[in-house]
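Here is a short report on one protein chain. Look at the sequence and the 3D view first, then read on.

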Amino acid sequence: MNLKKNILPDKKSRWRPTAIFLIAVITGLGLFMAKEAEVVSYMSDNPLACVNCHVMTPVYNSWMHSSHREWANCNDCHVPHNNVFNKYYFKAKDGLFHASVFTLRAEPEVMFMREESQEVVQNNCIRCHVQQVTQTKYDGWIDDHAKNRTDRKCWSCHQEVPHGTVHGISTIRNNIAPIPTDTEETVIPDWLEKQIADK
C-alpha cells in the first residue's frame, strides 16, 4: 500500500491519470519489446534462439554442417554447466552484452570470445572430451603430452571445430542461406522447384 502511494499521485491529483497512462505505456512498450526480441526463446537450449541476431546466421550455418550438430547445441559449449544458477546468470550476462553490442551496431568485423567465455568453452571441451584430454597411455611416449593437452586452449589446434574457416560479419552478405527461423521464405530456387514439380 505504501509503495502505491510512492508511485501514483493522490487520487484527487490531476496528475494521477497522466501517471497511470505513462506507466501503462512503459509497461506496454516493455512487453512489446520483449516479444519482438523473443526474450523467452533465450531461456531454452534451442540453437535457433542464437539466430535471433542475424549476425549469428553464418555461425549457426557452420555449426549445422559440423559433426558437433549431432551431439552439442550452442549452450553445451558456450554456457557453464557447473550449476543451473551459474548457467542462467552467465547466459543473461553474456546475452545482455551481445544484445547491447548488436543493438548499437558496434559488433567487430571478426568476433572473438572474451576471456571469460574462453574459460567456459575450454571447460566444456574438457567436460565432453575428458577421455582424450586425460589419456595417460601416451605420457611415456610423447614428450610433454599431459602439458600439451591441458595447458593450451583446445582451439589452438582445432581451429575449425565446429564453426569452419570463415569468421567475420563480412561473410553475412556472402552467405546464401536465409535466416533459419524464416519459415515464410523457401530455400529452394525457383528453377529447381519447377524441375522437381515436372518429375
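## Charged pairs

At 53% relative accessibility, Glu 70 counts as exposed. The model shown here is a predicted one. Glu 70 has a charged partner: its side chain meets that of Arg 69 in a salt bridge, at 2.7 Å from N to O. Arg 69 is partly exposed, with a relative accessible area of 36%.

Side chains of opposite charge can pair when their charged atoms come close. How many salt bridges does the structure hold? The structure holds 6 salt bridges. The table lists some of them.

| Pair | N to O distance |
|---|---|
| Arg 69 and Glu 70 | 2.7 Å |
| Asp 45 and Lys 87 | 3.4 Å |
| Asp 198 and Lys 194 | 3.7 Å |

Take Asp 45 and Lys 87, whose closest N and O atoms are 3.4 Å apart in a salt bridge. This pair links distant parts of the chain, 42 residues apart. Asp 45 sits in the loop between H2 and H3, while Lys 87 belongs to helix H5. Is Lys 87 buried or exposed? Lys 87 has a relative accessible area of 13%, so it is buried. Asp 45 is partly exposed, at 33%.

Now turn to Asp 198 and Lys 194. Both lie in helix H9. They are 4 residues apart, which is about one turn of the helix. Their side chains form a salt bridge at 3.7 Å, N to O. Asp 198 is exposed, and so is Lys 194.

## The whole chain

Step back to the overall picture. The protein chain has 9 helices and 0 strands. Read along the sequence, its pattern is α-α-α-α-α-α-α-α-α.

Of the 199 residues, 20% count as buried. The chain exposes about 15400 Å². Carbon and sulfur atoms supply 61% of that area. What about contacts along the sequence? Among contacts between residues at least 6 apart, 61% join residues at least 24 apart.

How confident is the predictor? The chain averages a pLDDT of 80. A score of at least 70 is reached by 81% of the residues. Which element has the lowest mean pLDDT? Helix H1, residues 2-7, has the lowest mean among the elements, at 64. H4 has the highest, at 93.

## A nonpolar patch on the surface

Some nonpolar side chains lie on the surface. Phe 21, Leu 22, Val 25, Ile 26 and Leu 29 form a nonpolar patch there. Together they have about 490 Å² of accessible area. Ile 26 is one of these residues. Its place is in helix H2, residues 16-36. Exposed means over 50% relative accessible area. Ile 26 reaches 60%, so it counts as exposed.

## A buried glutamine

Gln 122 is found in helix H6. Is Gln 122 buried or exposed? Its relative accessibility is 7%, so Gln 122 counts as buried. Which residues does Gln 122 touch, leaving aside those up to four places away in sequence? Gln 122 touches Arg 152, Lys 153, Cys 154 and Trp 155.

## Details in the loops

Three loop residues deserve a look.

Start with Ser 66. It is found in the loop between helix H3 (57-64) and helix H4 (74-78). At 15% relative accessibility, Ser 66 is buried. Its side chain has polar partners in the backbone. A polar atom of the Ser 66 side chain lies 2.8 Å from the backbone oxygen of Trp 63. The side chain of Ser 66 also reaches the backbone nitrogen of His 68, at 3.3 Å.

Next comes Arg 105. This residue lies in the loop between helix H5 (84-103) and helix H6 (115-128). Its phi is near 55 degrees. That is a positive value in a residue other than glycine. Is Arg 105 buried or exposed? Arg 105 is exposed, with a relative accessible area of 53%.

Finish with Pro 162. Its place is in the loop between helix H8 (145-150) and helix H9 (190-198). The peptide bond from Val 161 to Pro 162 is cis. Omega for this bond is near -15 degrees.

How values were computed
Residues are numbered from 1 along each chain as its sequence is written. Side-chain values use heavy atoms; hydrogens and water are left out. Helices (H or I, at least four residues) and strands (E, at least two) are DSSP runs, numbered from the N terminus. Buried means under 20% relative accessible area, exposed over 50%, partly exposed in between (1.4 Å probe, protein chains only). A polar contact is a pair of N or O atoms within 3.5 Å; within protein, one must be able to donate a hydrogen and the other to accept it, and residues adjacent in sequence count only if both atoms are side-chain atoms. pLDDT is the predictor's confidence in each residue, from 0 to 100. Contact means heavy atoms within 4.5 Å. Accessible areas come from the Shrake-Rupley method with a 1.4 Å probe; for residues, only the protein chains shown count as cover. Patches are made of residues with over 30% relative accessible area and no salt bridge: like charges are joined within 9 Å, nonpolar side chains (Val, Leu, Ile, Met, Phe, Trp, Tyr) within 5 Å. A salt bridge is a side-chain nitrogen of Lys or Arg within 4 Å of a carboxyl oxygen of Asp or Glu.
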